[in-house]
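This report looks at charged pairs, nonpolar cores and a charged surface patch. Please keep the sequence and the structure at hand while reading.

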Amino acid sequence: MQQATKTANRYLSTLLAGTSAWLLVMAILTHVQVPWAMADTYQQLASSGLHVSWRWWLLFGLSLTLLITLLLLGRVAHSGSADDRVFFGLLSLTVLWSAALAMSGGGANAANAIQLILIAAAFMTQGPGRAWFIFALVISVQILFLLAMVLNPHSAHSAHDMGAASDGGLLHFVGMSVTFMLASLLLALTISHLQRSLQRQQHEAQQIREAQLRQEQILAMGTASAQITHELATPLATIGLLYDELEEMHPQDEAVRALAPPIQQVKVLLDDLRAVASQIQTQQQQAIALDGLHRQLQQQVSLHFSAAQVMWSLPPLVPGPETPRVMADLTLVPALLGLVRNALEASTDKHSEPSCSIDISLEGDVWRMKITNSTSSDARTRLAEYEQQDLVRRMGRHALYSEKGLGFGMVLSHATLERFQGDLRVQLDEHGVFTQWIRIPIAHSDGSQPST
């Protein structure tokens, strides 16, 4: 669109220059005695307004002024005003051509069809509002030409000696005007449809490029994580051996005993990571019962954030074969846990203790989770800046700056949810409450997921 606008700006300058030359020729003809072979043609033009010389000189001066103005605006205006310059040029040409046509035959002039160029240029380079304004202006002028021919067929506006024309001749010129208006409408609708289709395709292509970039970022983070995890295995095994020796030497020492749970937890996490990697490689998913998912999520939140105040709202579910399920793998709970961690850490900017509310509900074939936390004035200011830059809507799709982490947690969580046909949306309201919405489709009884 921007490139088309710049090209149209150059074409409009050329059209204005050509219009100035045409009006200059018409103005000069008012003072020149034409050869006898052109006497009839000149008489027809003169009867339609050519003999009024000052009007042609006035239009020539106006067109020259507009051309100089358009060129100066192109040199001194900032780059963002390209659309305004094109609209200014289209509006100027519409007025100039309409005035020139009104002085040389109106709707009966065959050159009337040249205004289709303005309609096409308007819909190709301008927004819908401005384009339809140019269209309405051109059609309004055509309606005035048509009324002039119908109401006063002997006027100068019905060129080519319409007074001597038959009723068939009048109908011919009326048909020309009506055909022009229908062609203008068809052209406007066609270009509008093509523009919408092109914009939709560009939007889809942009989404594909964003998704590809996000996958590349996730792949890079996954590669780095796998490498670090692999390098952790050796020192962890060494720490395990040292712990076993310490336990044999000091079996009653409290400090030695305190080392056992964290070492065991790290081993369990590495084992879980291996299992998750195996599931991702084989793309295996299993039907996870929602009651078990809720219980596991509560346990993990309590384990990792024992000092946090979390308010839960869960739907009543009865364990059994009829319990709703979602198709996922072992990465689902860590992804949800990462979003809860973000909410709790953000809430500490305002409260002394981390807190948030988690509302889980079932709506039709969709499992929904809503995480809400309040933020401090500084955090609200930062999020408001993000929102002004349209980054709040993009949270979870692009890595953003983080003061407490790497800024990739929400990206990884969103990417995980997308693998299960889910999505993540975020919002910051006027009161500084930050909300995350998670949505995952519920699996059917045969293990398949509803189409979304």
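## Charge pairs, cores and a surface patch

Arg 368 and Glu 363 are joined through their side chains by a salt bridge, with a distance of 2.9 Å from N to O, in what is a predicted model. Arg 368 is partly exposed because its relative accessibility is 29%, a value in the range between 20% and 50%, and Glu 363, with a relative accessible area of 44%, is likewise partly exposed.

In general terms, side chains that carry opposite charges can pair when their charged atoms come close. Searching the whole structure gives three salt bridges, which are set out below with the N to O distance of each.

| Acidic residue | Basic residue | N to O distance |
|---|---|---|
| Asp 329 | Arg 419 | 2.5 Å |
| Glu 363 | Arg 368 | 2.9 Å |
| Asp 423 | Arg 439 | 3.2 Å |

The salt bridge between Asp 329 and Arg 419 has its closest N and O atoms 2.5 Å apart. Asp 329 belongs to the loop between strand S3 (325–328) and helix H10 (332–347), while Arg 419 belongs to helix H12 (residues 409–419), so this pair ties together parts of the chain that are 90 residues apart in sequence. Asp 329 is buried, since its relative accessible area of 2% falls under 20%, whereas Arg 419, at 35% relative accessibility, is partly exposed.

The side chains of Asp 423 and Arg 439 form another salt bridge, at 3.2 Å from N to O. Strand S6 (residues 423–428) holds Asp 423 and strand S7 (residues 433–441) holds Arg 439, so the pair links parts that are 16 residues apart in sequence. Asp 423 is partly exposed at 24% relative accessibility, and Arg 439 is buried, with a relative accessible area of 18%.

Turning to the nonpolar interior, the largest nonpolar core has 38 residues, of which Leu 16, Trp 56, Leu 90 and Phe 123 touch the most other members. At least two residues of this core come from each of helix H1 (2–29), helix H3 (53–76), helix H4 (82–102), helix H5 (116–125), helix H6 (128–151) and H7. Another core, of 34 residues, lies apart from the largest one, and among its members are Val 301, Val 310, Val 333 and Ile 360.

Helix H7 (residues 167–249) also contains Asp 244, which is partly exposed at 37% relative accessibility. Together with Glu 245, Glu 247 and Glu 248, Asp 244 forms a negative surface patch.

Conventions. Residues numbered from 1 in each chain as written. Predicted model: local features only at pLDDT ≥ 70, side-chain atom pairs only at ≥ 80, totals over all residues. Heavy atoms only, no water. Patch = residues over 30% accessible without salt bridge, like charges linked within 9 Å, V, L, I, M, F, W, Y side chains within 5 Å. Areas by Shrake-Rupley, 256 points an atom, 1.4 Å probe, with all protein chains shown as cover. Salt bridge = Lys/Arg side-chain N within 4 Å of Asp/Glu carboxyl O. Lys, Arg positive; Asp, Glu negative; His and termini not counted. Charge placed at Lys NZ, Arg CZ, Asp CG, Glu CD. Helix = DSSP H or I, 4+ residues; strand = E, 2+ residues; numbered from the N terminus. Buried < 20%, exposed > 50% of the residue type's maximum accessible area, 1.4 Å probe, protein only. Core = buried A, V, L, I, M, F, W, Y, C linked by side-chain atoms within 4.5 Å.
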